[in-house]
Amino acid sequence: MTHPFLPKSILLKSGSLNKVHPQIKAYLITFLKRNFPVFTVILGLSLISQILAVVLPISIGKFLSLLLPYKPYRAQIFSGLPESITNHAPRFLILFACLVLLKVLLDWVKYYQSEKLTSRSIFGLQEILFRVQLRLPIGLYEEKGTGKYLLRWSGDLQSVKSLISKGIIQFLGDLFFLSLLFAWIGWNFPMLAFDLLAMALMIAIHISLSCLTLYWSSTHKRNAKSSLIKFTSERLHNVSMIQALNRQIPEQKRFHKRLENALNKHLKHQFLNGLLRSISTGIYFIVVLWFMLRSLQLAESVEMELLPLFFLLISSSSPIKRLSKAGIFWVNGWISLSKLNKIIPENTSTSGKVSYQYQEGKLEVNFEGEKPGQLDSLKFQGNGIFYFPKIKEMNERFILQLLLAQRQHEAVKISWDEQDTQALEGTSLRKKITVVSVNHALMGRNVFEAISYSRKASKKKKAQAMLDLLQEELPPKERLRLDSKIGEYGSLLSPGQKQLLRFARAFLSRKPILLIHEPNGLIEEKWTPKVREQIQTLSQKAKLIVFQAHPTSF
């Protein structure tokens, strides 16, 4: 997919000649096929609305001619109607009112259907982007910073929406209308055929130059803005370090430099954007002036025939102006679509991966190259409680991600039931594993939503039973209820309550493999006996791998 008005050299330098990601491409093709009838109806409504936009001003002149000694040349458009209507002011007024009502109705239907079509296309893209990012390998997710893009993708989606609504739908409607208009002019005024071709060529050249200029300026503006946002995010994320080293002044200077660069790029872009928009408006008047000059070169009788043409061009000014500005929406939309395309890596497909076949949950970890802590390998076979030794070179969070096939490491080979995690489809593996870790937040509005994988009402009975079991030794007033609010990521809970709910969530999942990170690190003493009891019961029919510096008896 290439930009229709940009040379390949520019596209190659900007990196925008990349193929559209297969998921986005498949979605857009399917969406267009499914909504092609609606798309056709919108174009038809747009054409009729444009015709009415020309007819209504002429109708006003015709109505005035019935009241005053005035003969408008454009009123010849009504020559095909019965004289009982065109020569009778009250009846013609009724016709005018009907045309106005029809115009209002068509504009409303066209606007709503166009907005409905484009909004659905954008919401579909949002769903694809969110779904893909939920399935990105953790290493890739963190390295590319793709997840942060979720917070600022709305502007790009809006540009893509404008590309569809104004750069495609509105553009095609205006182009179709002006093609009919120029065809009618060429048919009735053959001597102006060359002039019409010259006008069309001038508009096409303007759109091409607009695309070239705006693509360059918009890319530089967006890059400068992205650099500023990235710099701000990194510095504010490390504000504690900056304060500790007294680096406020140097960082402020660096921020000011990037801010000034972003401002300069923005002003240059707006200068060019405003200039091109003004030129787009001027093109319409150039068209009218061109025909006025041509009329001076023709005979007097032909000049009178050209008067309706001038009035017709004046009535169709809006489509000509919009057509000249189409390049603005094409450029911004194309850049945004290219950016959305780039945040979805090509290697996220799970094709070639195999599903995990659970047997007994046998785990083997082999260390290659430099051995951490003189370890060659680790093996955990059968059910029970196993302790994963602490490795200085790797933190527990990193090891958990390796075991869950969320990331890979060339020096660590992991297999479950003699199946290499690098060849496994991660989702199928994680269907058999659950985790208790402080790195895994509690999500939901209340306790039930935080501990239940399925939020169906039918699951509340089991969730309540597990919650009662773990809080059996507590006074009723201190117990958490299923409808207790937990706040954002459990902000209303104590560390011990959060850990209790993590265990409850894991126990309710009933998966055959349970990974536990520091089981006694946060749990409060009043809950420890019941949690240990559940762990002992579960260890008889499941594999529990505990990450803890010092093994503790359960």
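Start by selecting E425, which is buried at 18% relative accessible area (buried means under 20%, exposed over 50% and partly exposed in between, with a 1.4 Å probe and protein chains only). E425 sits in the loop between β5 and α16 (426-430). Helices and strands here are DSSP runs numbered from the N terminus, with helices being H or I runs of at least four residues and strands E runs of at least two. Now add Y356 to the selection: E425 and Y356 are 69 residues apart in sequence, yet their C-alpha atoms are 7.0 Å apart in space.

Before moving on, please note that this is a predicted model, in which local features need pLDDT of at least 70 and side-chain atom pairs count only at pLDDT 80 or more, while totals for chains, interfaces and linings use all residues. Residues are numbered from 1 along each chain as its sequence is written, and side-chain values use heavy atoms, with hydrogens and water left out.

**Zoom out to the whole chain**

Show the cartoon and you will have 20 helices and eight strands on screen. Of the 554 residues in the chain, 43% are buried. Switch to a surface view: the accessible surface comes to about 30700 Å², and 60% of that belongs to carbon and sulfur atoms. These areas come from the Shrake-Rupley method with a 1.4 Å probe, and for residues only the protein chains shown count as cover. Contacts are also worth a thought (heavy atoms within 4.5 Å). Among those between residues at least 6 apart in sequence, 75% join residues at least 24 apart.

**A loop residue with positive phi**

Next, select E418, in the loop between β4 (412-416) and β5 (419-420). What is the phi of E418? It is positive, at about 60 degrees, although E418 is not a glycine. E418 is exposed, with 63% relative accessibility.

Then go to Y489, in the loop between α18 (460-470) and α19 (495-509). Y489 also has a positive phi without being a glycine, near 55 degrees. With a relative accessible area of 52%, Y489 is exposed.

Stay in that loop between α18 and α19 and pick Q471. Is Q471 buried or exposed? Q471 counts as buried, at 1% relative accessibility. Add L500 to the view: 29 residues separate Q471 and L500 in sequence, and 9.2 Å separates them C-alpha to C-alpha.

**Inside a cavity**

A search of the whole structure finds five cavities of 30 Å³ or more. On a 1 Å grid over the protein atoms alone, a cavity is a set of points where a 1.4 Å probe fits but cannot get out, and lining residues have an atom within 4 Å of a point. Grid points are joined across faces, edges and corners, and a volume is the space filled by probe spheres set on the points.

To visit the second largest cavity, select its lining: L402, R407, Q408, H409, V412, I414, T421 and Q422. The space in this cavity is about 50 Å³. Colour the lining by type and you will get three nonpolar, four polar and one charged residue. In this scheme Ala, Val, Leu, Ile, Met, Phe, Trp, Tyr, Cys and Pro are nonpolar, Asp, Glu, Lys and Arg are charged, and the others, Gly among them, are polar.

**Aromatic rings**

The whole structure holds eight aromatic pairs. For one of them, select Y27 and F31: the ring centres are 5.9 Å apart and the planes stand at 35 degrees, so the pair is tilted. Rings of Phe, Tyr and Trp (its six-membered ring) pair if their centres lie within 6.5 Å, and planes under 30 degrees apart are stacked, over 60 edge-to-face and the rest tilted. Y27 and F31 both belong to helix α2 (residues 22-34), where they are four residues apart, about one turn of the helix. Y27 is buried at 17% relative accessibility, and F31 is buried at 10%.

While you are in α2, click L28, which is partly exposed at 23% relative accessibility. The C-alpha atoms of L28 and G124 are 9.1 Å apart, with their positions 96 residues apart along the chain.

For another ring stop, select F380, F386, F388 and F547, which ring pairs link into a cluster.

**Last stop**

Finish at A200 in helix α9 (residues 193-237). A200 is partly exposed, at 36% relative accessible area. Bring in V287 as its partner: A200 and V287 are 87 residues apart in sequence and 9.8 Å apart from C-alpha to C-alpha.

Technical notes:
1 Å grid on protein atoms, 1.4 Å probe; cavity = no way out; pocket = protein on both sides within 12 Å on 5 of 7 lines; lining within 4 Å.
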